[in-house]
Amino acid sequence: MMHDGQLPPSPGDPAWDEWVEEQLADVEFDTELGKRMAEDARRIGDDGPTRAEFHDRYSDAVEAEFGVDERPTKEAVEADGRDEPTPKVPDGRPASRRKVLSAMGGVAALGVAGAGSEFVTPAPEAGPVADTPSPEATPDRRMGMVVDTTQCIACLQCSEACKEENDTDVGVHWPYVFRYEDELEGERHEGYLTRHCQHCSEPSCTFVCPTQARYQRGDDGIVLTDYETCVGCKYCQVACPYGVNYLGKDQPNEAVGEPGEYDRKGRDDRPVAGTPPKGVMGKCTFCVHRQDAEAVDNGVDPEKAGTTACEEACPVDVIQFGDMNDPDSAPRQYLRGEHEDAPSETAEKNQYKLLDEVGNEPNVVFVGPEPSKDATPIQGPRAYEDMGMQDGDYDYAGTREGDGQ
Amino acid sequence: MAHETLHIGLIVIFGIIMLPVYAMVAGWLLGKPHDYRTVAMTFGYIGVYVVAIVVGLAVLGVAISLVVPY
Amino acid sequence: MSTDDGIDPNRALKPLRTTSREFYVLLGLFALGTLVFLEAWGHQLIHGVGAVTGIGDWGISAGVPWGLYIGGFVWWIGVAHGGIAISAAVRVISIDRYRPIARIAEILTVLALGMAALSIVLSMGRPDRVFNTIYHWPFTVHHSPLAWDIAVISLYLVLTITYMTLSLRAEIVRLRDRLPKWYGPLYTLLTLGYRDQEDEKVEQILWWLAVAILALVPLLSGGVVPWLFSLIAAQPAWYGAAAGAAMLTESITSALAIVVIVSAVFRYAYGWDDIITDRIFKDLAIVLAFLALATIWFTMHDVLTGYYIAPTNIAALTEGLLGLEFFWLAVAGLVVSVIVLFAMMGWPERFFNVPLLVAVSALLAVTILNKKVMFVVEGLMYPTQPPLTNLYPTGTYSPTAVEWVLFLGTIMFVGLGYLVVSKVIPMVELETEEIERMDDPSVEPEIERPDTATDASPEVTD
């Protein structure tokens, strides 16, 4: 299931030329153009052209070759306030839009269709799902995550780290790692999916709350619960389609987690961080105490702002937390395959949002195959009990990996 | 839906649910016999009961908070 | 004395003038029950709702966040409607025939709404903060169905109590010297500023109040309360437009059933066979028959749409529903009730009698409670959509003893409420003409029938 993540040789390397020819051999478009663009693309920002210059330099050739120029550098040019022609689909070409984009972007920028193709499914529109600003893009930030399920090894360290950081109750998992068995293109497939609160842009939990305890912050979009106002009616839990809410019971996990040594106050002076007290509702807060550590003297190292405990703990960099509105943020870069932790074909892989059709506009983007309606939970390579944590109420029919699967 | 300017709840409550109440009040004020003193008395009753509910809930909350240890 | 000549106030005021031994026994039982309730509630408050109830978080914990308390809440709202609706219908459509049960029904509404509110408080994790819902209402009303609920229930309660107290004014002023002396200050308060001239206007005000209350029945029991559930896309068992009509039908069914029961109890306790006549019960039986039939009809819709090539998760939850013994108990309850009620309607000489009607009504009331709790709980056992439905375990729920005690306590409080109120105000609405005839020497005073309620061995009247 795992791809080998082999990195391409760098352009200075003599093997690079040969490697590019090899990769572009199947592509019916101009190889030379691709090579030249790739070389220049690598040099953007250093001694090479600026993004806008790069875009302009090749725009005529690209349009002549493909009939359309949808390269990501278009944004840099648009920022200059220039008009772009309406994109057209190439006439009379059998090539799919995806192939056009992948060839055009060049080896350096977007990676290549090929190795790891088992995860490649056509992107729905132009470009990967979430590498576009949210429909209601505002100057404010929109905190979100990218979770690369193709890299996940179900080590459960994200769950453990969150529990240590936030001291959640027994059996409560703000990020829960689904381990499941599914069928993918006729073959049995074992998948892992880490589910956090999606910190939706249209969070139904905030709409139904009768006391405004559950709210969404305007400046960064994080959805939080005011532990002093919440009356514990559980309507947020009822209205959330993702099942991320838990009623506080004051039953801390003795084996993992210790009382948070930070002040629970967020930057708006409401107690929102850490596990909820008894009788009120709580859920993943995107480690808001870290995000607010610069604004509020809450005892958390301000260096941790911009990170979450789960992201920090993941040994294979599955989780990227950041501003989904900012094209240069870690999650956005990751989706384009530009992030240092991103395997090169990331942009070609299936990217989706969970329960997108329910309409809550979640801000977590998953990379990898989406579990189907027939996905069944199984025990993964590691059990929650192995780490001193209580799993969900599962009755696993499957066997553990290695037990003669 | 989000939190737009004209919020759906206002329409539900003040545009739909309250319609019978508007009709009722109109009937009181416009219908014969014209007796505004009695209508005012009725509003007085309504006001007293609304206040009683609100105060009652506040008192209930305080009473419960004496029992709740957390 | 038949109701065609009007009700004899002397008979109607009997509860206010005499108190039987049975009354004190009941009062003692309910007082004890109240202590048990308080003990259980205290236990729940100290240890927390999560710890003492069967409530749990849906999702990986396979719990159900809303259970018997919320199911009970929906049931009580339904029960509240039949009460004042009968009273309002009497006034608006001028069906004087049901006036003898109008006040009993009004009081049911007030008590049931109180119990609905109590049910919500019982289900909250931090009930000491209940006032937060009022405090934040101007903001939450914009988007929260719960905030709408709070508003409309309060509105309905206020309108009902206003209706009741306004209609009591003329009555109490005229009956004053026949009413118990120790409630004097209360009567003075109720009749504050009374003038004879207000009577005509008060009648007009009451008429419009009745219209508004009737119009609010579908907007509350078939509107705001179902919307709590049917607007939630995350719960496909609830979501959709059908819940409103179905819930309204079930609500009125349970409401009328309870009105039948309470009216029968008063009739039996005070020998009011000729005041609360068989005719009234026969009419209510007919309405109940058709409402129960309609409830079966809505259930059929639910099952068929969930069974016939439904989306995977809907099919799963319907299968779950059909596997629940509670479901079949509810169906059986409805079917038996419909059969008995239609038999009463078709062959009244053979099948109609008040005790049987009371039994069928009790069966219907419990059946509707069952259906409402099932709606809440079963929906939450099968939440959300694929792939999360299949990745999460199915929820389970079993109410604990604490939940049963607290819920049954709310039923007991209605009984207790009736005991108390029946000693303070007339339980049968009396018209001014009837009261004035009491003192008219030209009218022969009725010879009172034997006091069935104060005898040591009460006769069973038919």
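## A tour of chains B and C

Begin with chain B of this predicted model, which is divided into domain 1, covering residues 1–34, and domain 2, covering residues 36–70. With each of the two domains of chain B selected in turn, one can place their C-alpha centres, which lie 22 Å apart.

Next, keep chain B on display and add chain C, selecting the residues through which the two chains touch: 36 residues come from chain B and 39 residues from chain C. On the side of chain C that touches chain B, the helices that each supply at least two residues are H3 (21–47), H7 (131–135), H9 (145–175) and H11 (198–230). Of these, H11(C) is the one to colour separately, since with 14 residues it gives the most to this side of chain C. Colouring the side of chain C that touches chain B by residue class then shows 25 nonpolar, nine polar and five charged residues.

Finally, hide chain B and select two further helices of chain C, H12 (residues 242–270) and H17 (residues 354–381), whose axes come within 8 Å and cross at roughly 145°. The crossing of H12(C) and H17(C) is left-handed. To see the residues that meet there, show side chains in H12(C), including C:Glu250, C:Thr253, C:Ala257, C:Ile261 and C:Ala264, and in H17(C), including C:Val354, C:Leu357, C:Ser361, C:Ile368, C:Lys371 and C:Lys372. By class, the contact of H12(C) with H17(C) holds twelve nonpolar residues, together with three polar and three charged ones.

Technical notes. Residues numbered from 1 in each chain as written. Chains lettered and ligands numbered in written order. Predicted model: local features only at pLDDT ≥ 70, side-chain atom pairs only at ≥ 80, totals over all residues. Axes fitted to C-alpha atoms, helices over the stretch in contact; angles between N-to-C directions. Helix = DSSP H or I, 4+ residues; strand = E, 2+ residues; numbered from the N terminus. Left-handed = near helix turned anticlockwise from the far one by under 90°. Contact = placed C-beta atoms within 7 Å. Nonpolar A, V, L, I, M, F, W, Y, C, P; charged D, E, K, R; others polar. Domains from an automatic or database assignment.
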